[in-house]
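Let's take a walk through this structure together, starting at its surface and moving on to its pockets and a couple of backbone oddities. Have the model open and follow along.

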Amino acid sequence: MSTTHCAIENCRTTILNKTPGISFHPCPRSPEMRNKWLKVLKNKCSMLDWAKSRICSKHFELKYFDAQRRLRNNAIPTLFAPAIQKVSARSSYSQDHTKTRVDRLLNKLTQAELTADIKNSITKHKEPVNLDDFITDDLKCKPDAPNDAHLWLMVKKQEHLNNRLMDLVVQTKKHVEILQNNMEEAKNSKIENERTMESLKYIVKCLQEKHATLEEQIEILTAVETR
């Protein structure tokens, strides 16, 4: 084990890249403390060399440091980052392989291509003239409804859902525009208020200067009268 990097797995701290305030600490010498370290480092270090291994200060709680940032003799590393789960190429392949052929083909299509394909498929099936006769009041097909009725009921539900979503998008856009206008008005009002405040400050300054001038004139007149 090297003395230039932290012995904890998944810790990338080294002597070269450590940030200010990070320190490296050797393993304890007493058998009692080594046993305590072994219990907490059992699955945290692939190999631990008591003479060479170093643990960085990131893995020790603040209570284990004194005022001079020196590690206390009873310190035990207890702070560890969650283990990084490695996903192998084989597992990702098996997950993709569980999908059906249709799913894999659909994943290759863009949203625009999917939309166009759905529209083309729908145009090949004409809406039944008596569709209402096959639909119940709770929007379900009757037992004797043909397959086209089932298909078009789903199509109409999807159309209504899309229309509602589009209405929601339009309303949201309007609300955003209103908010933007309000923000712009507030910004302009703030600028106008700042200008007004600057004008008032200038007026106050002028009045103060005139007041000072009047005081000087009063002092001069008073001095003349006393003579």
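One definition first: a residue counts as buried under 20% relative accessible area, exposed over 50%, and partly exposed in between. Keep in mind, too, that this is a predicted model.

Now put that definition to work on Leu 200, which sits in helix α5. Its relative accessibility is 45%, so Leu 200 counts as partly exposed. Leu 200 also has company: together with Met 197, Tyr 202, Ile 203 and Leu 207, it makes a nonpolar surface patch of about 530 Å².

Helix α5 turns up again when we look at the largest pocket, whose volume is about 330 Å³. Eleven residues line that pocket, and the closest to its centre are Thr 115, Ile 118, Ile 122, Gln 158 and Asn 162. The elements giving two or more residues to this lining are α4, spanning 111–123, and α5, spanning 147–226. Which of them gives the most to the lining? That would be α4, with seven residues. As for chemistry, the lining of the largest pocket is a mix of four nonpolar, five polar and two charged residues.

Next, head over to the second largest pocket, with a volume of about 250 Å³. Here 16 residues do the lining, and Pro 26, Cys 27, Pro 28, Arg 29 and Leu 71 lie nearest the centre. Strand β1 (24–26) and helix α1 (31–40) each supply at least two residues of this lining. The largest share comes from α1, though that amounts to three residues. Sorted by class, the lining of the second largest pocket holds nine nonpolar, three polar and four charged residues.

Finally, a look at the backbone. Asn 10, in the segment before β1, has a positive phi of about 70° although it isn't a glycine. Is Asn 10 buried or partly exposed? Its relative accessible area is 35%, so Asn 10 is partly exposed.

Leu 139 is another spot to check: this residue isn't a glycine either, yet has a positive phi of about 60°. You'll find Leu 139 in the loop between α4 and α5, the two helices we met at the largest pocket. With a relative accessible area of 48%, Leu 139 falls in the partly exposed class, because that class runs up to the 50% cut-off for exposed.

Conventions
Residues numbered from 1 in each chain as written. Predicted model: local features only at pLDDT ≥ 70, side-chain atom pairs only at ≥ 80, totals over all residues. Heavy atoms only, no water. 1 Å grid on protein atoms, 1.4 Å probe; cavity = no way out; pocket = protein on both sides within 12 Å on 5 of 7 lines; lining within 4 Å. Points joined across faces, edges and corners; volume = space filled by probe spheres on them. Helix = DSSP H or I, 4+ residues; strand = E, 2+ residues; numbered from the N terminus. Nonpolar A, V, L, I, M, F, W, Y, C, P; charged D, E, K, R; others polar. Patch = residues over 30% accessible without salt bridge, like charges linked within 9 Å, V, L, I, M, F, W, Y side chains within 5 Å. Areas by Shrake-Rupley, 256 points an atom, 1.4 Å probe, with all protein chains shown as cover. Salt bridge = Lys/Arg side-chain N within 4 Å of Asp/Glu carboxyl O. Buried < 20%, exposed > 50% of the residue type's maximum accessible area, 1.4 Å probe, protein only.
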